[in-house]
Amino acid sequence: FDRTPLCSLYSSPLYSRGALKTLHNTVLLPRYSTRRYIPPCGELRGGAWVVIDPTINEEMMEMYADADARGGILEPPGICEVKFRKPDLLKTMHRLDAKLQALSSELKIVEESPGSESEAQSLRSAIQARENTLLPLYAQISYEFADLHDRPGRMLAKGVVRDVVDWPNAREYFAWRVRRRLAQDGLVKALKGADANLAHADAVAKLADMMGGDWEDDRAVLGWFDSAKSQIDELVQQTRDAAIQKTVADLVDGLSAEAKAALLKSL
C-alpha cells in the first residue's frame, strides 16, 4: 500500500475540513503520486479544497473532475454576494433592459421640467417596480454565470485540474494513469539517485525529451518505457557520469595550483 499511487473520490460539498485534514496528514501528504477525482454531481468547496489542493505538492498530487462536477471556494450565491451585489445587478438591468432605459430617459426629461414632481414620482415608482420584477431573474442569471467559473472546463483552463475525465471512462483512464506514474516515478527516482541535485521536473523533462512523442498519452509513454529500457539505463548512466564530473570539477577548482599539479601528476 505504501507505494500504491492513491486515487481518491470527493463527492460531497459537506465533506468536513477536519476529516480531510486528517486524511491529508495521514495518507495524502505524499511521497508517492496521488490522484483526486471529483465524480459526477460532486462538489469540492471551501476549506476542503484548500486541504487537498495539488499546489501543496505539484510533483506528486493531481486533481481531476467529471464533466458534471463542481469545484471552488464559494458556491455561486456566495460569490455573487461578494462580487456581484444588488447595486451591480441594478446597473446591469439599466444597461440591458429596454423598458428601464425608456423610463429612465423619460424621468430625466420630466425632472428638468418645472412643476412635474408628481409625474416624476410616478416614473420613479414604475422604475422601482420594474427593478423588483427583474431582480430575481437577474440574480439567477448571475448565479449561473458564477457557476460557470466552477465547472470543469474553466478549472482545466485555470490549471486547477489536470484533465476532465468522464465517469464511464474513469476506471480505464486511471488504470493507465496509475501504471504510467508508477513506472515514471521509478525512473525519476533512478535519475535523481544518479544526480542528487537533479530536480523532479528536470528528471521528467529528460525522459520526455528522450521519448520525443506525445508525453500526455499514458499508453504510449508506458509502451515507450517498456521498449526503451536500454536507452533509459544509458541516460541514467550519463546523468551519473555528468554529476560525478561536475563534482570532481568543483572540487578541483577549489584546490591551489600546487595541489592541482600534484593531483594531475598522480593521475
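Here are some questions and answers about this predicted model.

Q: How many helices and strands does the protein have?
A: Let's start with the whole chain, which has 267 residues, 34% of them counted as buried. Among contacts with a separation of 6 or more, 71% join residues 24 or more positions apart. The secondary structure comes to 12 helices and 6 strands.

Q: Which elements give two or more residues to the largest nonpolar core?
A: This core has 17 residues, and those touching the most other members are Leu 191, Leu 207, Trp 215, Trp 224, Phe 225 and Ile 232. The elements that supply two or more residues to the core are helix 8 (167-194), helix 9 (200-211), helix 10 (218-227) and helix 11 (229-253).

Q: Which residues does Trp 224 contact, leaving aside its neighbours within four places in sequence?
A: Trp 224 is among the core residues that touch the most other members. Once the neighbours within four places are set aside, its contacts are Leu 207, Met 210, Met 211 and Ile 232.

Q: How many residues are in the second, separate core?
A: Look for Ala 120, Leu 123, Leu 134 and Ala 139, which are included in this core. The count for this second core is 12 residues.

Q: Is Asp 150 buried or exposed?
A: Asp 150 sits in the loop between helix 6 (117-149) and helix 7 (152-158). Its relative accessibility is 6%, and the cut-off for burial is under 20%. Asp 150 therefore counts as buried.

Q: Which side chain makes a polar contact of 2.8 Å with that of Asp 150?
A: Not counting residues up to four places away in sequence, Asp 150 touches several residues, including Arg 45, Arg 70, Leu 74 and Met 155. The side chain that joins Asp 150 in the 2.8 Å polar contact belongs to Arg 45.

Q: What is the sign of phi at Cys 41?
A: Cys 41 lies in the loop between strand 2 (34-38) and strand 3 (43-45), and it is exposed, with a relative accessible area of 65%. Most residues other than glycine have a negative phi. Cys 41 is not a glycine, yet its phi, at about 65°, is positive.

Q: Which residue meets Asp 250 in a salt bridge?
A: Side chains of opposite charge can pair when their charged atoms come close. Asp 250 is partly exposed at 44% relative accessibility, while its partner is exposed at 53%. The two residues both lie in helix 11, 4 residues apart, about one turn of the helix. Their side chains meet at 3.1 Å, N to O, and the partner is Lys 246.

Q: What is the N to O distance in the salt bridge between Arg 151 and Glu 144?
A: Arg 151 is partly exposed, with 25% relative accessibility. Glu 144 is also partly exposed, with a relative accessible area of 41%. The N to O distance in their salt bridge is 2.7 Å.

Q: Which residues are linked in a network of salt bridges?
A: The structure holds 17 salt bridges. The residues linked in a network are Arg 35, Glu 62, Arg 177, Arg 180, Arg 181, Asp 185 and Asp 218.

Q: Which residues make the nonpolar surface patch of about 350 Å²?
A: The protein exposes about 16,200 Å², and carbon and sulfur atoms supply 56% of that area. One member of the patch lies in helix 2 (residues 46-52). The patch is made by Val 50, Ile 73, Leu 74 and Val 82.

Terms used
Residues numbered from 1 in each chain as written. Predicted model: local features only at pLDDT ≥ 70, side-chain atom pairs only at ≥ 80, totals over all residues. Heavy atoms only, no water. Core = buried A, V, L, I, M, F, W, Y, C linked by side-chain atoms within 4.5 Å. Buried < 20%, exposed > 50% of the residue type's maximum accessible area, 1.4 Å probe, protein only. Contact = heavy atoms within 4.5 Å. Patch = residues over 30% accessible without salt bridge, like charges linked within 9 Å, V, L, I, M, F, W, Y side chains within 5 Å. Areas by Shrake-Rupley, 256 points an atom, 1.4 Å probe, with all protein chains shown as cover. Salt bridge = Lys/Arg side-chain N within 4 Å of Asp/Glu carboxyl O. Polar contact = N/O pair within 3.5 Å; in protein donor to acceptor, adjacent residues only side chain to side chain.
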